[in-house]
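Visitor: I am new to this structure and would love a close look at one part of it. Could you choose a small sheet, take me through it slowly, and then show me how it sits among the rest?

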Amino acid sequence: MSADKLVPNLTVSPSWLSSGDSVTLNCSVKYPDVGWRFYWYKAIPNLPTMLYTMEPLPGSSNGTEQPYFIVYGQAQTAGYVCRAARGNPQSFTYNSEVKFVWSGATLSVSPDRAQHFITDTMSLTCAGDSAEWTVNRFSSYGYLTHCATWGSMTGPTCYINGQSFIDGVYWCETATGLFSNAVNITGTYNDAIVDFPVHPVTEGQPVTLRCKWTTELNLAVISFYKNDKLIQNDTRGEFFIPAVSKSDEGFYKCGRKGRMQWSAGSTSPASWIQTSTTQIRLLQMVRAHLRAFLIGLWRIKKKK
């Protein structure tokens, strides 16, 4: 099999950075598995084409015999690519997929829940190795906006006071390329929300989902649903998962018994519970949609 028909597989470790971490890149070629020389690149985004320019990593321009490469002192979000070659003259494989490592910045939300009533006041706070943060939102309608558009940015914190529309994915970002984790937040006019932490739940840990109402209900029968299937129906008003696993991921909602179908106001919105292993995919998905959105804008401007 010729090298130019192969696509190597690149893995990066760790995926999330603490300041000054070393990053280990591993490049593997499925067949054959011997005789390769490996080449390592940093992927530089090239707007407006949204393609990547490949910049050889320092010390790797002649390739390495080892299928791994260590990047020392990585502090910011970055994308990496590898490829392999063999023979004389050398025949190269395709480039691997771009794999990212993410900075150790964090976004916290108060109150710490994925759903909010539209009258709620909430704050989103960035933490990490920077003094200049902005909070971004990629809305459910496909628009990228910043805190100054719909809130008030004070230091590292974005304050939102009773917004009528807050649905979207939020994250922190700096001009120098630091990114935080991403969180998905839903706002509602409904009478109920299902209350669980906004951040991914670590596999093996317990989590409790609570049904909250705009007015207190005493001894009401509350139903919990996962992917629109009834999973609990009693007066406790909460649903307990003792040890979360990937099989528990899904869309959860709650409401009063007998009102799930005909009265939207008696039901919370449905929100996705995710495990910690899916967090990176969330931000990658947001950025993929954002790239497509930017390409569309560029093409429209080009036609004018």
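Guide: What follows starts with the chain as a whole, moves to one small sheet and its surroundings, and then visits other places for context.

Please keep in mind that this is a predicted model, in which local features need pLDDT of at least 70 and side-chain atom pairs count only at pLDDT 80 or more, while totals for chains, interfaces and linings use all residues. Residues are numbered from 1 along each chain as its sequence is written, and side-chain values use heavy atoms, with hydrogens and water left out.

The chain has two helices and 24 strands. These are DSSP runs numbered from the N terminus: helices are H or I with at least four residues, strands are E with at least two. Of the 304 residues, 43% count as buried; buried means under 20% relative accessible area, exposed means over 50%, and partly exposed lies in between, using a 1.4 Å probe and protein chains only. The chain exposes about 16,200 Å², and carbon and sulfur atoms supply 53% of that area. Accessible areas come from the Shrake-Rupley method with a 1.4 Å probe, and for residues only the protein chains shown count as cover.

Now to the small sheet. Three strands form an open sheet in the order 1-2-5, and the pairing is antiparallel. Two strands are said to pair if DSSP finds at least two bridges between them. Strand 1 and strand 5 are at the edges with a single partner strand each, so one side of each has no neighbour in the sheet. On average, neighbouring strands here are turned by 20 degrees against each other, direction ignored. Such angles run from 0 to 180 degrees between N-to-C directions, with axes that are lines fitted to C-alpha atoms, for helices over the stretch in contact.

Let us follow the pairing from one edge. Five bridges join strand 1 (residues 9–13) to strand 2 (residues 21–28) in the antiparallel sense. Val-12 faces Leu-25 of strand 2, and Ser-13 has Thr-24 of strand 2 as its bridge partner. Strand 2 also pairs with strand 5 over five bridges, again in the antiparallel sense. There, Asn-26 stands opposite Tyr-68 of strand 5.

Tyr-68 deserves a pause. This residue belongs to strand 5 (residues 68–74) and is partly exposed, with a relative accessible area of 42%. Together with Ile-70 and Tyr-72, Tyr-68 makes a nonpolar surface patch of about 340 Å². Patches are made of residues with over 30% relative accessible area and no salt bridge; like charges are joined within 9 Å, and nonpolar side chains (Val, Leu, Ile, Met, Phe, Trp, Tyr) within 5 Å.

Next comes the loop that leads into strand 5. The side chains of Glu-65 and Arg-37 meet there in a salt bridge, at 3.9 Å from N to O. A salt bridge is a side-chain nitrogen of Lys or Arg within 4 Å of a carboxyl oxygen of Asp or Glu. Glu-65 sits in the loop between strand 4 (51–56) and strand 5, and Arg-37 in strand 3 (residues 37–46), 28 residues apart, so the pair links distant parts of the chain. Glu-65 is exposed at 60% relative accessible area, whereas Arg-37 is partly exposed at 29%.

A search of the whole structure finds seven salt bridges. Another one of them joins Asp-228 and Lys-253, whose closest N and O atoms are 2.9 Å apart. Asp-228 counts as exposed at 58% relative accessibility, while Lys-253 is buried at 17%.

For context, look at another sheet. Five strands form an open sheet in the order 10-17-16-12-13, with mixed pairing. Neighbouring strands of this sheet are turned by 30 degrees against each other on average, direction ignored. Within this sheet, strand 16 (residues 168–173) and strand 17 (residues 179–188) run antiparallel and are joined by five bridges; Tyr-170 has Val-183 of strand 17 as its bridge partner.

Last stop: Ile-273, found in strand 24 (residues 271–273). Ile-273 counts as buried at 3% relative accessibility. Beyond its neighbours within four places in sequence, Ile-273 is in contact with Phe-196, Leu-209, Glu-249, Gly-250 and Tyr-252, where contact means heavy atoms within 4.5 Å.
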